[in-house]
Amino acid sequence: MNKIIILGTSGYMKEQLEWIEDMMDHEKIKYKIIFCSDKKIFKNYDIISEKKIKKNIGKLYLAIGSPKIRSKLISKFKNFNFFSLIHPSAKISKNVKIGKGVTISPNCIITSNVKLGDFNNLNWGVGIFHDCKIDNNNTFSPGTKILGGCKIGKSNFFGTNSCVKENLK
């Protein structure tokens with residue numbers, strides 16, 4: 001059975017766990033979930049300390065909203081495989097390019113010709129519209145909208161219901 005090692009222990013992780021379970025139910029795929037923690041988080045899941053994570057133990061998943069913290073973990077585990085969560089309720093156009101280690105949460109919309117880099121985190125109901133180019137490791141809080149033709153750099157944090165006007169670079 002494939003394994004997912006979840007890095008992150010906050011309330012945000014609890015949402016991510018539910019969404020991973022939604023994805024498994026929808027895709028009829030089963031993963032063994034292991035939490036990276038020094039203490040037991042949920043009684044039905046195994047834990048592993050960060051020091052004991054070895055390269056081929058499973059795919060790592062960053063259930064962490066802060067781009068700054070994620071950036072440190074991305075550097076530390078740069079040679080590892082990362083899991084991407086794409087919730088089954090997300091609407092994604094066919095010609096979208098999606099990087100590794102991304103989170104696309106419930107009710108997100110990504111339309112035509114979007115390039116979404118590695119380790120981007122799209123929370124509930126985010127919309128990224130035509131011809132946008134999103135670099136790596138950004139957090140888009142619930143309800144964020146990035147209108148058509150925008151270019152977004154690295155490691156940005158967009159607060160709840162942010163809106164970026166079209167064609168901004």
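Two strands count as paired if DSSP finds at least two bridges between them. Helices (H or I, at least four residues) and strands (E, at least two) are DSSP runs, numbered from the N terminus. The model shown here is predicted: local features need pLDDT of at least 70, side-chain atom pairs count only at pLDDT 80 or more, and totals for chains, interfaces and linings use all residues. Residues are numbered from 1 along each chain as its sequence is written, and side-chain values use heavy atoms, with hydrogens and water left out.

**View 1. Ile5 meets its partner in a parallel sheet.** Look for Leu60 in E4: that's the bridge partner of Ile5. Strand E1 (residues 2–7) pairs with E4 in the parallel sense, over four bridges. Zoom out a little and you get an open sheet of four strands, in the order E3-E2-E1-E4, with parallel pairing. E3 (46–48) and E4 (59–62) stand at the edges with a single partner strand each, so one side of each is left without a neighbour in the sheet. From one strand to the next, the twist averages 35° (angles run from 0 to 180 degrees between N-to-C directions, with axes fitted to C-alpha atoms, for helices over the stretch in contact).

**View 2. Helix H1 packs on the sheet.** H1 (residues 11–27) touches E1, E2 (31–36) and E4, where contact means heavy atoms within 4.5 Å. The direction of H1 makes about 170° with that of E2.

**View 3. Asn95 sits in a loop and touches residues further along the chain.** You'll find Asn95 between strand E6 (91–92) and strand E7 (97–98). Leaving out residues up to four places away in sequence, Asn95 touches Ser112, Asn113 and Val114. Ser112 is 17 residues away along the chain, yet the C-alpha atoms of Asn95 and Ser112 are separated by 6.0 Å. How accessible is Asn95? Its relative accessibility is 41%, which counts as partly exposed (buried is under 20% relative accessible area, exposed over 50%, partly exposed in between, using a 1.4 Å probe and protein chains only).

**View 4. Asp131 and Asn167 have positive phi values.** Most residues other than glycine have a negative phi. Asp131, though, has phi near 65°. Asp131 lies in the loop between strand E12 (127–128) and strand E13 (133–134), and is partly exposed, with a relative accessible area of 34%. Phi of Asn167 is also near 65°, and Asn167 is found in the segment after strand E18 (163–164).
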